[in-house]
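Colleague: Got a minute to walk me through this one? I'd like to start with a helix and then wander a bit.

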Amino acid sequence: MVTESLAANAAWVLVAATLVLLMTPALALFYGGMAGRRAVLNMMMMSFSSLGVVTVVYLLWGWSMSYGTHSLGGVVASPVEFFGLRGIDAATAGGNGYPALVDVAFQLTFAVISTAIISGALAGRVKFSTWLVFSAAWPTLVYFPLAHMVWGGGLLSEGGDSISAWIFGTTAEGEAAVAPIDFAGGTVVHISAGAAALVLALVVGKRQGFPRRVSRPHNLPMVMLGAALLWFGWCGFNAGSALAPDATAALAWVNTAAAAAAGLLAWLATEKARDGHATSLGAASGLVAGLVAITPAAGALTPVTSLILGAVGGVLACLAVGLKFRFGYDDSLDVVGVHLVAGLWGTVGVGILLGDARLTVVQVLIALAAVLFSGAVTAIIAVALKAAMGWRVEREDEYNGIDYALHAESAYDSAGAR
């Protein structure tokens with residue numbers, strides 16, 4: 001009976017991993033539709049290349065850095081302990097009882113989508129070669145350490161040597177008395193990617209003509225299809241994080257649907273009140289904002305509090321996407337507004353909605369730690385790559401559209417309008 005249960009758990013996590021894998025091509029559609037007509041292929045290639053680069057580095061050293069047993073100060077694990085998945089084969093049992101490779105598959109897809117999310121801040125103006133190098137450096141220096149800190153027993157976890165344990169003490173079992181909540185990646189995925197996107201937007205600089213003359217989304221049906229597929233994949237993202245097809249997975253699935261729907265409606269209501277129109281781009285963006293907000297809280301809230309979390313996330317993200325015009329940073333496809341802002345709200349909001357003041361303090365601290373860590377390390381990577389390789393394509397290539405200049409291809413036979 002135990003064997004059957006473990007087999008069911010393994011099957012569920014593998015299905016969830018496959019759903020999360022779909023999210024990166026879905027993101028390519030979502031971002032590709034939002035990009036200009038002559039930059040759509042490059043935008044989609046940035047997501048697809050993340051599938052290639054991050055998969056390779058994750059299997060070589062990412063799993064070891066995230067979940068190795070030799071922790072380096074609670075910040076990251078040794079990259080050599082399980083280098084190339086050394087010592088992990090089909091017969092190796094993981095910490096959850098089923099084969100360890102099941103967890104490797106699931107966590108790999110999280111690292112890929114986290115890196116791909118960042119690309120939306122850079123649409124239409126960066127060298128593909130520099131992006132490829134960044135796609136290896138950022139998960140290595142930012143994502144893997146954060147995964148270790150939050151999920152691998154490090155400084156931002158529920159472990160006895162975590163920040164929460166230092167502040168509020170430990171239980172008799174040696175765990176933090178107030179355990180931080182990041183069910184599926186509010187800090188590890190969305191806050192880290194959103195903070196990185198903001199830093200890159202500042203280091204790389206604005207598109208030509210920003211904010212007065214920039215390309216509008218060239219294919220809104222593509223955007224909506226991408227958003228729908230993201231919602232589909234997010235069922236694996238959140239419900240799969242229960243690591244078993246049980247009541248927690250069911251709760252996470254329902255809470256995910258609730259927050260996504262509430263985020264969509266709240267964004268549309270905000271648009272209507274502010275601009276007089278409810279748009280398809282707003283529906284797609286509000287849906288994603290609700291999904292981002294519920295990600296850290298999917299296993300902890302009720303469906304009703306998930307509706308509240310998603311609705312507030314939709315409103316905050318809708319208002320936040322306009323900050324780039326006020327402060328002058330060119331976050332091309334609104335990664336900061338949707339992922340950073342909604343991710344921060346979801347991480348902190350779970351403590352507020354649970355009515356736990358001490359938990360709220362812990363959630364604020366881990367959210368701030370993720371912002372500062374991701375922002376600082378991303379800045380170092382970005383500046384180093386700017387000096388070594390350069391980020392920007394030639395002005396003429398940017399003006400004409402970078403698909404042909406970088407990839408010798410165009411998405412459409414007719415040049416058409418930008």
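**Helix 7 and the core**

Modeller: Sure. Helix 7 has a run of buried residues: Met222, Val223, Gly226, Ala227, Leu230, Gly233, Trp234, Cys235, Gly236, Phe237, Asn238 and Ala239. Keep in mind that this is a predicted model.

Colleague: Why does Cys235 count as buried?

Modeller: Its relative accessibility is 13%, and buried means under 20%, so Cys235 makes the cut.

Colleague: Where is the kink in helix 7 centred?

Modeller: On Gly233, with a bend of about 30°.

Colleague: And how far apart are the end C-alpha atoms of helix 7?

Modeller: They sit 28 Å apart, which agrees with the 28 Å you'd expect for 20 residues (220-239) at 1.5 Å a residue.

Colleague: What caps the N-terminal end of helix 7?

Modeller: Asn219 does, with a side-chain oxygen 3.0 Å from the backbone nitrogen of Met222.

Colleague: Switching topic: which residues touch the most other members in the largest nonpolar core?

Modeller: Phe30, Phe134, Tyr143, Phe237 and Trp391, out of 115 residues in that core. Apart from it there's another core of five residues, including Ala28, Leu29, Met44 and Met222.

Colleague: What does Tyr143 touch, leaving out residues up to four places away in sequence?

Modeller: Gln107, Phe110, Ala111, Ser114, Trp138, Trp151, Val188 and Val189.

Colleague: Last one, on cysteines. How many disulfides turn up in the whole structure?

Modeller: Zero.

Colleague: And Cys318, buried or exposed?

Modeller: Buried, because its relative accessible area is 0%.

How values were computed
Residues numbered from 1 in each chain as written. Predicted model: local features only at pLDDT ≥ 70, side-chain atom pairs only at ≥ 80, totals over all residues. Heavy atoms only, no water. Core = buried A, V, L, I, M, F, W, Y, C linked by side-chain atoms within 4.5 Å. Buried < 20%, exposed > 50% of the residue type's maximum accessible area, 1.4 Å probe, protein only. Contact = heavy atoms within 4.5 Å. Disulfide = S-S within 2.5 Å. Helix = DSSP H or I, 4+ residues; strand = E, 2+ residues; numbered from the N terminus. Expected span 1.5 Å × (residues − 1). Bend = angle between axes of the 7 residues up to and from the residue. Polar contact = N/O pair within 3.5 Å; in protein donor to acceptor, adjacent residues only side chain to side chain.
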